[in-house]
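Colleague: I am new to this one, so could you walk me through it? Please bring up the structure first.

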Amino acid sequence: MSVAEDRRFMAAALRLSQWHSGLTATNPSVGCVVVKDGAIVGQAVTAVGGRPHAETQALAVAGEKARGATVYVTLEPCSHYGRTPPCANALVAAGVARVVVCLNDPDPRVSGRGFGILREAGIIVETGLLEEQGRRVLAAYLSRQVRGRPYVTLKLAVSADGMLGRKGEELVVTGPQSRAQVHMMRAENDAILVGIGTALVDDPELTVRLPGLENRSPLRIVLDRRLELPLSSKLVKSTSAVPVVAVTDPFCDTHPSNEGRVRALMSAGVEVLQAANLDELLANLATRGISSLMVEGGAKVGCSFLQAGLVDRLVLAQSALVVGAGGIESPATPSDIPTGFQCVRQERFGADRSFEYERGI
């Protein structure tokens, strides 16, 4: 197999892996392509919920054609026994001749062990193909495994004069195409977060409302130190459909004056979570298997995440609207990007321009 062919098939595996992004629970969404005599004979992506894994599904599709084949997989095949046997063992049993892997798995239960099982069986193993692209595709999983926190995307809708809105009122900054893109981003993340200011002024629902993707709504989180989230809000009223977490100061929600608020919110289905700071909150989310977090609302919240160095991806949708006097200044604009971020994509959605920046893991 030529280098060009290897790159082409690994690129196909990476595209395939994105089909189930955000749908595989604590497992990464992995793509696997089985190739025999230059043709794809089997392919699969990690199933919704995380089981079965991509490799076992792709091998099942290939059947006997897997013997002597080359397998392209976006992450090191697992080597530990969980609910299913190791994928590395399944590749050995299938009699594949060569395994090409994009990324090593940092999970200590797997790291290097999957490769060891394959090599001991005489299978040729090659690693690091399209590694940079793979790190981008699997950024959320890698963040939780390596840094113990979710991969954080900060999304801001910015006016032409660098404002997020106007104080004390709900102001639509961007057009319908940009707002539809926000729903797509929500569907790709495990959780979404706003500050209490946004929750009070905008009364958002924070669900995915694109046809066919309604069941992809992420966990909704509100930074609510004083537990001010109204019981009549759209967030609280929809807790039976999509969970809501109110994050409070550990010294605030236990105060006698707040006991009633805690009970009322919990009775309405809202989880009340204590966190002293953003680092503690993100660590808590990681222990729950949350790999990706979208921060969507509030200048203060966005600024806090940026100042703490907790933003990995910054997405700015800029419109031609001029807010003028009374505007809420954005913590970042296309002309004023925080240090360490590089522009990786520019797009146009209707009349708005979208700028995407990343900081490496």
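Here are some questions and answers on helix packing, salt bridges and backbone details.

Colleague: What kind of model is this, and which pLDDT values are needed?
Modeller: Residues are numbered from 1 along each chain as its sequence is written, and side-chain values use heavy atoms, with hydrogens and water left out. This is a predicted model, where totals for chains, interfaces and linings use all residues, while side-chain atom pairs count only at pLDDT 80 or more and local features need a pLDDT of at least 70.

Colleague: How do helices H3 and H4 lie relative to each other, roughly parallel or roughly antiparallel?
Modeller: Helices here are DSSP runs (H or I, at least four residues) and strands likewise (E, at least two), numbered from the N terminus. H3 (residues 87–94) and H4 (residues 113–120) pack with their axes 9 Å apart, at an angle of about 15°. Axes are lines fitted to C-alpha atoms, for helices over the stretch in contact, and angles run from 0 to 180 degrees between N-to-C directions. Angles under 35 degrees count as roughly parallel, over 145 as roughly antiparallel, 65 to 115 as roughly perpendicular and the rest as oblique, so H3 and H4 are roughly parallel.

Colleague: Which residues in H4 meet H3?
Modeller: Contact means heavy atoms within 4.5 Å. On the H3 side, the residues are Ala88, Asn89, Leu91 and Val92; their partners in H4 are Gly114, Ile117 and Leu118.

Colleague: How far apart in sequence are Arg98 and Asp6, which meet in a salt bridge?
Modeller: A salt bridge is a side-chain nitrogen of Lys or Arg within 4 Å of a carboxyl oxygen of Asp or Glu, and for Arg98 and Asp6 the N to O distance is 2.6 Å. Arg98 sits in strand S4 (residues 98–103) and Asp6 in helix H1 (residues 3–17), so the pair links distant parts of the chain, 92 residues apart.

Colleague: Which residue joins Asp6 and Arg98 in a network of salt bridges?
Modeller: The structure holds 12 salt bridges. Asp6 and Arg98 are both buried (under 20% relative accessible area, with exposed over 50% and partly exposed in between; 1.4 Å probe, protein chains only). The residue linked with them in a network is Glu126.

Colleague: Is Glu358, the partner of Arg136, buried or exposed?
Modeller: The side chains of Arg136 and Glu358 meet in a salt bridge at 2.9 Å, N to O. Arg136 lies in helix H5 (residues 131–137) and Glu358 in strand S16 (residues 352–358), so the pair ties together parts 222 residues apart in sequence. Arg136 is partly exposed at 38%. Glu358 has a relative accessible area of 14%, so it is buried.

Colleague: Which residues does Thr333 contact, leaving aside its neighbours within four places in sequence?
Modeller: Thr333 is found in the loop between strand S14 (327–329) and strand S15 (342–349). Its relative accessible area is 10%, so Thr333 is buried. With those neighbours left aside, its contacts are Val158, Gly162 and Leu316.

Colleague: What is omega for the peptide bond from Arg51 to Pro52?
Modeller: Pro52 is in the loop between strand S2 (39–45) and helix H2 (54–62). The bond from Arg51 to Pro52 is cis, with omega near -5°.

Colleague: Is Leu206 buried or exposed?
Modeller: Leu206 has a positive phi of about 60°, although it is not a glycine. Its place is in the loop between helix H8 (196–202) and strand S9 (219–223). At 3% relative accessibility, Leu206 counts as buried.
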